[in-house]
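Biologist: Could you walk me through this model? I'd like to start with how far to trust it and then look at the fold.

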Amino acid sequence: MADVLIAARGVSKSFGGITVLRDVSVEIRAGEVHALMGENGAGKSTLLKIFGGVHRPDKGQVFVNGKSVAIRSPAAAQRLGISLIHQEPLSFPDLDVAENIFLAGPAKAAARWGIINRRKMYRQADEVLTKLGVSLRPTALMRGLSIADQQMVELAAALHQKSRILLMDEPTAALTPAEVEDLFRIVRQLRAQGIAIVFISHRLEEVLGISDRITVLRDGQWIATEPVAQMDSQKLISLMVGRPLGEVYEKEAATVGPALLEVQGLSSPERFENISLNVRQGEIVGIAGLVGAGRTELAETIFGLHPISDGSIKMDGKAFAPKTPREAIAHGIAYVPEDRQKHGVLPPFSIAANTTLASLKKISSLGWLRRRRERETAEEYRQMLRIRCRDTDQPVRQLSGGNQQKVVLSKWLLSNPRVLILDEPTRGIDIGAKAEVHHAVGELARDGKGILMISSDLPEVLAISDRILVMRQGRLTAEFSRADATQEKIMAAATGQGANEQATFFPSSCTQGEGRGGGSSEKPEASSQQPESSSAFSIQRSAFSPDPHPTPPPEYKGRENGKNSAFNFLRFREFGIALIVLVGFLVTRFLNPSFSWNDSFHDVLLYIPLILIVGMGQMMVIVSRNIDLSVGSILGFAAIVVGEVFVAHPAFPLWEAAILAAAVGALLGAANGILIALCSVPSIIATLGTLGFYRGLIFIYSGGNQVDPDKIPTALIRLSQVPATLPWIVIFAAALVLVTYLFLKFTRTGREIFAIGSNPNAAVLRGISVRRNLILIFAITGALSGLAGLAYASRFGYVNPVRTGDGFELIVISAVVIGGVSIFGGSGSVLGVVLGCVLLGLINVALPALGVSDFYQLAIYGLAILLAAGMDGFFQRLRGGEE
């Protein structure tokens, strides 16, 4: 028998009083692919996360290489040679491929003493990618890579870490057939090297094709572990759902009535063109096609989410053009979106609240919600759809994917729609839950509702649809009756590989009266006989697995060019800022001839270091997806502390004063970091509170008294004077810029800061110490603010408890954001921040020269932040970032 690399013995785990795993024992051997199978909520992912250090068992033990271990974190799991590949790749989109490989867990990233040898890192990344047979450039940015390529990078990271145990949770959910085969090629390669692989998938054909042994869990309990040779699909499903395959789902014949929804020649700019279809009473119309064909866009347009450029929509024979979802709902249309987490449910809300969300009038009186009626209504739908939960007050986020989908269905069923649009209704849910959703959809059709269903699961489309429409590149290309549809015919229509005489093909110029089967009386009756190839649980791999990067049709090229233009603009953003600085100076000089180059340069030169010193720290904070509003108060407090020391000890050495200022600032900054990292207080709230608190400390410490110019040492004043060479505070700021650049670019900690901002959740799960890094960067920002307080005293020659540092945080944040540091975190350049500080320094000097009051200056700073943030958000959306 092969060595057992990892094992669970009597493992139990509960969340919020709900038992997810109960006394589960399983062994994973070296050189095997071990599949975990079960319905959603069976405990598969929880067991993997216990192995991966994300969760800890309540009872039982985990053994690695025969030794009992306590895996307390993902980093601890990685030190034991365990790598967890999640369903959604845990990549850092703003970093390159090599950095994503080497930042995982304990890998030293070609580093010594925390300093990265980037040439060595790229060479090693290329070697590990080549070993896996993956053709990716190590310098390629992760943003824009396909899901498959991102998973390959995670596998490369696991290989680099010399992981012996690889945990794969739904790795094929978003892959095309070719990508799945490529992934399985690597899995077989790793298995041959003696690596133990645990594999979760809802696709039976994949499990039966790649696995050596299969363990089935049901309701959190171990059911069976058997070699794959002793398993077939029927036996596996029976073990998973507790009943034979024949009881899972069987489509009944449809009784169709008049058309409910009629779409004629519908077009939406850059989404789809000239679509005509109808959905009749009691009918399920499936829409098939490759991802990117425009199916979801069509559904969203019918629901009022996108504008209509041409064509018409009718409900019950009456034309209407929905401009908002509210209008579509009012006309009897409901839409269950593809992404239930993002668009379908409110995860923190209860089942009851989610169920009634779209029909609040039905459970309220005079605008007041009737909680009892809300619970009763939710309970009715819980029983109708067999939602598995503790009670209807349970938060939706605690439910399995299948039960969350049922909650989405219940929400729209309560609104009593005439037509229900379902977009990928069973993606990511298990066979049992899928069958229950199918049953629910069938019941709705029998009740006289019209169903328009989009699915990338071809067996599902064939199993449940009465008619099937096929889209390709934003156009409707074919229609099949239930009796005539086969996987081969649908694939031909979806890929443009040829026509079939049994399909009705639609030239783009056709109208419904010219052969579009949507409402033709010549359409064959829906048949209750289902072709053998379209079994609901066919083992054939679906041809419509999501393709994250489909080839865009010709009409989409304008959008692609728009993306390229966005990247070109971002590439020259620093040049643009420099140009604005020059233009701003020339305009000011034109409006105020007394604004001379020498004097103005002197004033700007002395103001920039104050912004720049703090800006280097604020940059790191914003890159980490946080913000520090207290830097001005920290600057003021450090300045007043050092100023009082000078009052008491006029001969106090400057280097000791610098250490004191930095230490005071670091202490206050670390307090911010502790609130944020350890107490989970949002940074904007934590630092907004400390802004006021630290400002109060200034008055308490100083008694409201100013440190007058005669108390500031002459040696400190000289640091800001302009001799033949640059002032010392400018030299210090320039040196600090260089150190910050080297730190962020060539140290492991610096790259981890970018990784945290790029994907905080991935940073935690890939073993990066997020809390430690956050405390560190807030402490650094505080220390730099303290040093800026000393520089402030040098520049102005006094320290005033009211004015020193007041409003300074707005100036610094403006400079950093204008300099191109993304407010979404993960990206930004030191050069951009330098130019942003120069621009703000010019504004600070030029506006008073033009007679603009301080109040207008604050307004201009705020406007600059809004413009920079708005521009950043716009380009973030263009490149596929967060919305």
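Modeller: We can take confidence, the overall make-up, two sheets, the cores and the cysteines in turn.

Biologist: OK, so what is the average pLDDT of the protein chain?

Modeller: This is a predicted model, and the protein chain averages a pLDDT of 80, with 82% of the residues scoring at least 70.

Biologist: Which helices have the lowest and the highest mean pLDDT?

Modeller: Among the elements of the chain, helix α18, residues 557-571, has the lowest mean at 40, while helix α22, residues 654-677, has the highest at 95.

Biologist: And where does pLDDT stay under 50?

Modeller: One such stretch is residues 245-249, for which the model has 15 contacts beyond four places in sequence. Over residues 499-570 the pLDDT is also below 50, and that stretch has 161 contacts in the model beyond near neighbours in sequence. Where pLDDT is low, the predicted coordinates should not be read in detail.

Biologist: Fair enough. How many helices and strands are there in the chain?

Modeller: The secondary structure comes to 31 helices and 25 strands, and buried residues make up 55% of the 883 residues in the chain. Among contacts between residues at least 6 apart in sequence, 73% join residues at least 24 apart.

Biologist: Let's do strands, then. What is the strand order in the open sheet of four?

Modeller: The order is β14-β13-β16-β17, with antiparallel pairing. The edge strands, each pairing on one side only, are β14 (272-280) and β17 (318-320). Neighbouring strands of this sheet are turned by 20 degrees against each other on average, direction ignored.

Biologist: How many bridges join β13 to β16?

Modeller: Five bridges join β13, residues 259-268, to β16, residues 310-315, and one partnership to look for is L261 with M315 in β16.

Biologist: Which helix packs on that sheet?

Modeller: Helix α9, residues 295-302, packs on the sheet and touches β13, β14 and β16, with its direction making about 115 degrees with that of β13.

Biologist: Switching to β10: is strand β10 mostly covered or open?

Modeller: Strand β10, residues 196-200, is mostly covered, since five of its five residues are buried. In a regular strand the side chains alternate between the two faces of the sheet. Here A196, V198 and I200 are buried on one side, and I197 and F199 are buried on the other.

Biologist: Which strands are joined to β10 by bridges?

Modeller: Strand β3 (residues 33-37) runs parallel to β10 and is joined to it by four bridges, with L36 standing opposite I200. Strand β9 (residues 165-169) also runs parallel to β10, through five bridges, and there L166 has I197 as its bridge partner.

Biologist: Now the interior. Which residues touch the most other members of the largest nonpolar core?

Modeller: That core has 70 residues, and F92, I611, M616, M619 and F808 touch the most other members. Helix α20, residues 597-623, gives the most to this core, with 14 residues.

Biologist: What is I611 in contact with?

Modeller: Leaving aside neighbours within four places in sequence, I611 is in contact with F808, I811, V812, A815, C837, L840 and G841. Apart from this core lies another, of 54 residues, including I302, I387, L399 and I464.

Biologist: You mentioned C837, so how many disulfides does the search of the whole structure find?

Modeller: The search finds zero.

Biologist: Why does C837 count as buried?

Modeller: C837 counts as buried because its relative accessibility is 0%, and buried means under 20%. C679, in contrast, counts as partly exposed because its relative accessibility is 46%, which falls between the 20% and 50% cut-offs.

Definitions and conventions: Residues numbered from 1 in each chain as written. Heavy atoms only, no water. Pairing = 2+ DSSP bridges. Helix = DSSP H or I, 4+ residues; strand = E, 2+ residues; numbered from the N terminus. Axes fitted to C-alpha atoms, helices over the stretch in contact; angles between N-to-C directions. Contact = heavy atoms within 4.5 Å. pLDDT = per-residue confidence, 0-100. Core = buried A, V, L, I, M, F, W, Y, C linked by side-chain atoms within 4.5 Å. Buried < 20%, exposed > 50% of the residue type's maximum accessible area, 1.4 Å probe, protein only. Disulfide = S-S within 2.5 Å.
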